[in-house]
Amino acid sequence: MLEASPILSSTITCPVCRFSAAETMPTDACQHLYECKGCGAVLLPKAGDCCVFCSYGTVPCPPIQAQAAKSIRDV
Ligand SMILES: [Zn+2]
């Protein structure tokens, strides 16, 4: 339970056309660019977010998940 493995699948919803697609996240890197499969818009992370999954995905990226799990454990 403490070593819960991160969720690697996130559904990104395009803010331009609302098209959503399930994507697999890399475990050790942040993805800063994402090209919408619906309209072709290139998405960038919002200010304060480390990657497009944190900004537009249903699940934040693995490093953020690990951070969240750690902060819950430390409280
Ligand atoms: Zn789009």
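So, Glu23: buried or exposed? With a relative accessibility of 15%, Glu23 counts as buried, because the cut-off for buried is under 20%. And keep in mind that what you have on the screen is a predicted model.

Where does Glu23 sit? In strand β2. Its carboxylate has company there. The side chain of Glu23 makes a polar contact with the side chain of Tyr34, at 3.0 Å. Then there's Lys37, which forms a salt bridge with Glu23, with 2.7 Å between the closest N and O atoms. Lys37 lies in the loop between β3 and β4 while Glu23 is in strand β2, so this pair ties together parts that are 14 residues apart in sequence. The two partners contrast in exposure: Lys37 is exposed, at 55% relative accessible area, whereas Glu23, again, is buried at 15%.

How many salt bridges turn up if you search the whole structure? Two. You've just met one of them, Lys37 with Glu23. In the other, the side chains of Lys70 and Asp74 meet, and here the N to O distance is 3.7 Å. Lys70 and Asp74 are four residues apart in helix α2, which covers residues 62–74, so about one helical turn separates them. As for accessibility, Lys70 is partly exposed at 47%, and Asp74 counts as exposed at 55%.

Let me step back to the whole chain for a second. We've got 75 residues, of which 24% count as buried. There are four strands and two helices, and reading from the N terminus the order is β-β-β-β-α-α. If you box up the C-alpha atoms along the principal axes, you get roughly 40 × 25 × 20 Å.

Now the metal. Which residues hold the zinc ion as protein donors? Cys14, Cys17, Cys36 and Cys39, each through SG, at 2.2 to 2.4 Å from the ion. Along the chain those donors follow the spacing C-x2-C-x18-C-x2-C. And why do I call the arrangement tetrahedral? Because the angles subtended by the four donor atoms around the zinc ion run from 102 to 120 degrees, and the criterion for four donors is that all angles lie between 85 and 135 degrees.

Have a look at the cysteines in the second half of that motif, too. Cys36 is buried, with a relative accessible area of 5%. Cys39, on the other hand, comes out at 40% and counts as partly exposed.

While we're around the zinc ligands, click on Arg18, just after Cys17 in the numbering. Arg18 is in the loop between β1, residues 9–13, and β2. What's odd about its backbone is phi: near 70 degrees, a positive value in a residue other than glycine. Arg18 is also exposed, with 59% relative accessible area.

Last stop, the surface. Which residues make up the nonpolar patch? Leu33, Val42 and Leu44, covering about 290 Å². Leu33 is in the loop between β2, residues 20–24, and β3, residues 34–35. At 52% relative accessibility, Leu33 counts as exposed, because the cut-off for that is over 50%.

If you want to take away two pictures, take these. One is Glu23, buried in strand β2, with a polar contact to Tyr34 and a salt bridge to Lys37. The other is the zinc ion with its four cysteine SG donors in a tetrahedral arrangement. That's it from me.

How values were computed. Residues are numbered from 1 along each chain as its sequence is written. This is a predicted model: local features need pLDDT of at least 70, side-chain atom pairs count only at pLDDT 80 or more; totals for chains, interfaces and linings use all residues. Side-chain values use heavy atoms; hydrogens and water are left out. Donors are N, O and S atoms within 2.8 Å of the metal (3.2 Å for Na, K and Ca); water is not among the atoms, so sites may look incomplete. Four donors count as tetrahedral if all angles lie between 85 and 135 degrees; four count as square planar and six as octahedral if opposite donors are over 155 degrees apart and all others between 65 and 115; anything else is irregular. Buried means under 20% relative accessible area, exposed over 50%, partly exposed in between (1.4 Å probe, protein chains only). Patches are made of residues with over 30% relative accessible area and no salt bridge: like charges are joined within 9 Å, nonpolar side chains (Val, Leu, Ile, Met, Phe, Trp, Tyr) within 5 Å. Accessible areas come from the Shrake-Rupley method with a 1.4 Å probe; for residues, only the protein chains shown count as cover. A salt bridge is a side-chain nitrogen of Lys or Arg within 4 Å of a carboxyl oxygen of Asp or Glu. A polar contact is a pair of N or O atoms within 3.5 Å; within protein, one must be able to donate a hydrogen and the other to accept it, and residues adjacent in sequence count only if both atoms are side-chain atoms.
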